[in-house]
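The following account leads the reader through the fold of one protein chain, from its pairing of strands to its core and its loops. Please keep the structure in view while reading.

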Amino acid sequence: MSAARFAQFSRPPHVPGGKEVALGPFNVPVELISLTGFDCPRCRQTVRRAGQAMPGLVARMMIYACGCGPAVGVWEDECAPTAITWQATIAMALAAGVGLVIFHGGKETPPGFSGAN
Ligand SMILES: [Zn+2]
């Protein structure tokens, strides 16, 4: 593939103040959103995801969300939500009344980590 042809498919850089869309409780630049390839059985919307780099951490936080409201966060190097686990995860988040569920794979949280804004 030529460089020009590749550039046609690569994502444009984020423009500050550019268009943002809702991903769970967050507003995310539209060019960071990608589709997972499975639908939420509850709201019938395609589950979307976006990656967010965290200062001081190697892996990105991947945020997954559908139209139900809550989002699911996992580290980039861990197991991602699937069509099989999605409904139970969203049901748990809705029952608990939280906006974001983070799965952390049993690893220690780095000292000084106090969440993400
Ligand atoms: Zn849903």
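Two strands are said to pair here if DSSP finds at least two bridges between them. By that criterion, strand 6 (residues 71-75) and strand 7 (residues 100-103) pair in the parallel sense, over 4 bridges. Within this pairing, Ala71 stands opposite Leu100 in strand 7. The connection from strand 6 to strand 7 passes through helix 2 (residues 83-96), and the resulting β-α-β crossover is left-handed.

The model is a predicted one, and confidence in it varies along the chain. The average pLDDT of the protein is 83, with 78% of the residues scoring at least 70. Among the elements, strand 3 has the highest mean pLDDT, 95, whereas helix 1 (residues 3-9) has the lowest, 55. Where pLDDT is low, the predicted coordinates should not be read in detail.

In overall composition, the protein has 2 helices and 7 strands. Their succession along the sequence follows the pattern α-β-β-β-β-β-β-α-β.

The N-terminal pair of strands may be taken next. Strand 1 (residues 20-23) and strand 2 (residues 26-29) run antiparallel and are joined by 4 bridges. Val21 stands opposite Val28 in strand 2. The hairpin that these strands form has 2 residues between them, and Gly24 takes a positive phi near 65° in this hairpin.

An open sheet is formed by 5 strands in the order 3-4-5-6-7, with mixed pairing. Strand 3 and strand 7 each have a single partner strand and stand at the edges, so one side of each is left without a neighbour in the sheet. On average, neighbouring strands of this sheet are turned by 25° against each other, direction ignored. In contrast to the parallel pair described above, strand 5 and strand 6 run antiparallel, joined by 5 bridges. Here Tyr64 stands opposite Val72 in strand 6. Helix 2 lies across strand 3, strand 4, strand 6 and strand 7, and runs at about 125° to strand 7.

The loop between strand 3 (34-39) and strand 4 contains Arg44. Phi of Arg44 is near 65°, a positive value in a residue other than glycine. Is Arg44 buried or exposed? Arg44 counts as exposed because it has 9 C-beta neighbours inside 10 Å, and a residue with 12 or fewer is classed as exposed.

Attention now turns to the interior. In soluble globular proteins, nonpolar side chains tend to be buried together. Buried residues make up 17% of the 117 residues in this protein. The largest nonpolar core comprises 14 residues, and Leu23, Ile63, Tyr64, Ala65 and Ala71 are those with the most contacts inside it. At least two residues of this core come from each of strand 4 (46-52), strand 5 (61-65), strand 6 and helix 2. Strand 5 provides the largest share of the core, 4 residues.

Ala65 illustrates how separate parts of the chain meet: residues up to four places away in sequence not being counted, Ala65 touches Leu23, Gly24, Arg48 and Ala71. For the protein as a whole, 43% of the contacts between residues at least 6 apart in sequence join residues at least 24 apart.

Conventions
Residues are numbered from 1 along each chain as its sequence is written. This is a predicted model: local features need pLDDT of at least 70, side-chain atom pairs count only at pLDDT 80 or more; totals for chains, interfaces and linings use all residues. A crossover is right-handed if, with the strands pointing away from the viewer, the path from the first strand over the helix to the second runs clockwise. A nonpolar core is a set of buried Ala, Val, Leu, Ile, Met, Phe, Trp, Tyr and Cys residues joined through C-beta atoms within 7 Å. A residue is buried if 20 or more other C-beta atoms lie within 10 Å of its own, exposed if 12 or fewer, and partly exposed in between; C-beta atoms are placed from the backbone. Two residues are in contact if their C-beta atoms, placed from the backbone, lie within 7 Å. Axes are lines fitted to C-alpha atoms, for helices over the stretch in contact, and angles run from 0 to 180 degrees between N-to-C directions. pLDDT is the predictor's confidence in each residue, from 0 to 100.
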